[in-house]
Amino acid sequence: MHEANGAATVWPVLLYRDAAKAIDWLVEAFGLTRNLVVPDDGGRIVHAELGWRGGVITLGGYDEDAAFSDLKPGGGAVYLVAADPDARFARATAAGAEVVRPLKDENYGSRTFTVRDLEGNSWTFGTYGGAAPPQA
């Protein structure tokens, strides 16, 4: 979702035990873009922003003392609108993504699939871009 200035207004957050490895894999497997990666002095990723068609996925390494310490690595789920789910599925599985739900046509008109990343987060890609807002 975007405001008039084009800035993303919804930023899901995922945590990883090895955020640096996860970032490399997410870029390769899903085609996300590295917008920003911030390591701490020890090299652990404390904040990263990966882009997807104008949206942003925020992630970082798990830290018991961080603001999102109640979230656990591998417990997230994200849905991404993709015009080319067949190509995305091929790319994700070639990179070793675990298939949860294979590529299929849904009864609501979307073509979707769901996979897990290296640490267990679920990623669904589909052509469904949301319902139109109600007309006044």
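**View 1. The whole protein and its surface.** The protein exposes about 7,800 Å², and carbon and sulfur atoms supply 53% of that area. Keep in mind that this is a predicted model. Of the 136 residues, 38% count as buried. As for the fold, you'll find two helices and eight strands, running β-α-β-β-β-β-α-β-β-β from the N terminus on. Among contacts with a separation of 6 or more, 51% come from residues 24 or more positions apart.

**View 2. Trp25 meets Phe30.** Seven aromatic pairs turn up in the structure. One of them puts Trp25 and Phe30 edge-to-face, with 5.3 Å centre to centre and 75° between the planes. Trp25 is buried, and Phe30 is buried too.

**View 3. Tyr108 meets Tyr128.** Here's another edge-to-face aromatic pair: Tyr108 and Tyr128 sit 5.5 Å apart, centre to centre, with 85° between the planes. This pair links distant parts of the chain, as its two members are 20 residues apart. Tyr108 belongs to the loop between β6 (98-105) and β7 (111-116), while Tyr128 lies in the segment after β8 (122-126). Tyr108 has a relative accessible area of 46%, so it counts as partly exposed. Tyr128 comes in at 34%, so that residue is partly exposed as well; both values fall between the 20% and 50% cut-offs.

**View 4. The ring cluster.** Zoom in on Trp25 and Phe30 again, this time with their company: ring pairs link them with Trp52, Phe89, Phe113, Trp123 and Phe125 into a cluster.

Technical notes
Residues are numbered from 1 along each chain as its sequence is written. This is a predicted model: local features need pLDDT of at least 70, side-chain atom pairs count only at pLDDT 80 or more; totals for chains, interfaces and linings use all residues. Side-chain values use heavy atoms; hydrogens and water are left out. Rings of Phe, Tyr and Trp (its six-membered ring) pair if their centres lie within 6.5 Å; planes under 30 degrees apart count as stacked, over 60 as edge-to-face and the rest as tilted. Buried means under 20% relative accessible area, exposed over 50%, partly exposed in between (1.4 Å probe, protein chains only). Helices (H or I, at least four residues) and strands (E, at least two) are DSSP runs, numbered from the N terminus. Contact means heavy atoms within 4.5 Å. Accessible areas come from the Shrake-Rupley method with a 1.4 Å probe; for residues, only the protein chains shown count as cover.
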